Amino acid sequence: MRAVGAAVGPTRVAELPGREGERVQVAGWLTHRRGHGAIAFLVVRDGSGEVQAVVRRDHAPEAFARAEGLGQESALRVVGPVRAQPRAPGGYEVEVEELEVLSPAADYPIAPKEHGIEFLLDHRHLWLRHRRPAAVMRIRDTVLWAAEAFLRGEGFVRVDAPILMGTAAENTTQLFRTDYFGEPAYLTQSGQLYAEAAAMALGRVYTLGPTFRAERSKTRRHLLEFWMLEPEMAFCDLEGSMALQERLVTYVVERVLERCGEALRTLERDTAPLERVRPPFPRLRYDDAAEWLRAQGLALGPEEDFGAPHETALSQAFDRPLFVHAFPRAVKPFYMEPEPGRPDRVLAADLLAPEGYGEIIGGSQRIADADLLRRRLQEAGLDEAAYDWYLDLRRYGGVVHSGFGLGIERTVAWIAGLDHVREAVPFPRTYNRLRP
Ligand code: 4AD
Ligand code: MG
């Protein structure tokens, strides 16, 4: 048995099943300690799971003395035989023969008592160690893994878009500005424009990375920094893109149900609504959705974009994800293809997650024609010269192409059943929070 970091390391808690009777070493952090006279129970967490370490004074007097007074989150290593213990967290326990304190801790600030959300977010660096946040991170990891696995299986190539931009990708009001050696630069709002260039080179591509929006909104759906997955497909219309979105979202939900059962139970997520996620997803034109919303008594101006209450109402009305499409041109960015025969509507679709979660995907068919795109840039008040490279994509073999952006945190918040997207990212950046 060697120390932590040596070639023969400790046994991971997740690997204890099937090793009953073996003498193992487990290294981790003390999550919880309780004692009854001559016996101490230490719950040790190593990142892969939790195991109960039982220390008896008569059996291991030295270990027992070390365990006494050991504070929550002390790092320790225990050695001893494993046995099944259905009453213990994780279902196993280690009968401790040796105990080494690797790093003692005292006065750990997050007590088992209830803390307010701001306190927990101030201590996010420590809060991540707890069961709920850790369960969310496992679901997030599975969402990202599954989404990439799906796309690769469909022949997509991952390309990475730059973070520093010379031009706006979505709109000019929500840009984070920075200084690029005396020239203004912006943090990316979307990798889309670069994904379009890459799609003309590689056919089917996706970008995956952080994106930034200087949103002053403090809703449960908005972060200033969020991760977006953006597939882009050459020779694909909006219909083709929506069909792919249905399959992608279904695949991701299925993989989470299959692999994250314990995390979903930790979060007390009712999985019945997730099990209903199957194509085809219902579709509503914007005009029909708007009419329905007004009939429900919600205020909505003519050609007005949906706000949080509208999205919530729509996404509560269906038991599966819902596509809203054919939006007014005025509420969408400059690059969207007009609907044939309805120049005031664009070939755009948002996918709203059910149970009140709202938009998780925004996508569209892109303008293929250089002259129309130039006109739209002018109408949007954007500097045509800055988009010259983007116009080149139409000058040199412009083709029908479509793509979409799936917000990772919104998707995770929905699947994990969270109240707020800030819990779906390890270190959230919101209007009032830049630390830790
Ligand atoms: O609808 P959006 O703005 O679309 C785009 O950026 C396109 N360029 C995507 C594309 O076609 N390639 O954003 C896409 C998704 C939203 O549906 C939402 O899930 C997420 O990104 N999103 C946010 N998530 C958290 N906080 C915010 N402030 C978000 N803004 C958008
Ligand atoms: Mg959108």
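This report describes the overall build of a predicted model, the surroundings of its ligand, and two loop residues.

**Overall build**

The chain has 436 residues, of which buried residues make up 51%. Its secondary structure consists of 13 helices and 18 strands. Measured out along the principal axes, the C-alpha trace extends over about 85 × 55 × 40 Å.

**The ligand and its surroundings**

Ligand 1 is located in the largest pocket. Around ligand 1 there are 22 residues, and those that come nearest are Glu-170, Gln-192, Arg-213, Glu-230 and Glu-359. Sorted by class, this shell contains 8 charged, 7 polar and 7 nonpolar residues. Three strands, β12 (225-234), β17 (358-365) and β18 (401-407), each contribute at least two residues to the shell.

Polar contacts of ligand 1 involve both side-chain and backbone atoms of the protein, as with Glu-215 and Phe-404. The table lists three such contacts with their distances.

| Residue | Protein atom | Ligand 1 atom | Distance |
|---|---|---|---|
| Glu-215 | polar side-chain atom | nitrogen | 3.0 Å |
| Phe-404 | polar backbone atom | nitrogen | 3.5 Å |
| Gly-407 | backbone N or O atom | oxygen | 3.3 Å |

Taken on its own, ligand 1 has 630 Å² of accessible area, and the protein covers 93% of that area.

**Two loop residues**

His-115 belongs to the loop that connects β6 (98-103) with α2 (117-122). Is His-115 buried or exposed? Its relative accessibility is 16%, and because a residue under 20% is classed as buried, His-115 counts as buried. The side chain of His-115 also makes a polar contact, reaching the backbone nitrogen of Ala-111 at 3.0 Å.

Gly-49 is placed in another loop, the one between β2 (39-45) and β3 (50-56). With a relative accessible area of 22%, Gly-49 falls between the limits of 20% and 50%, and therefore it is partly exposed. Which residue lies 37 positions away from Gly-49 in sequence but 7.9 Å away in space? That residue is Arg-12, the distance being taken from C-alpha to C-alpha.

**Summary**

In this predicted model, ligand 1 occupies the largest pocket and has 93% of its accessible area covered by the protein. Of the two loop residues described, His-115 is buried, whereas Gly-49 is partly exposed.

How values were computed: Residues numbered from 1 in each chain as written. Chains lettered and ligands numbered in written order. Predicted model: local features only at pLDDT ≥ 70, side-chain atom pairs only at ≥ 80, totals over all residues. Heavy atoms only, no water. Near = heavy atom within 4 Å. Polar contact = N/O pair within 3.5 Å; in protein donor to acceptor, adjacent residues only side chain to side chain. Areas by Shrake-Rupley, 256 points an atom, 1.4 Å probe, with all protein chains shown as cover. 1 Å grid on protein atoms, 1.4 Å probe; cavity = no way out; pocket = protein on both sides within 12 Å on 5 of 7 lines; lining within 4 Å. Sits in = over half its atoms within 2 Å of the grid points. Helix = DSSP H or I, 4+ residues; strand = E, 2+ residues; numbered from the N terminus. Nonpolar A, V, L, I, M, F, W, Y, C, P; charged D, E, K, R; others polar. Buried < 20%, exposed > 50% of the residue type's maximum accessible area, 1.4 Å probe, protein only.
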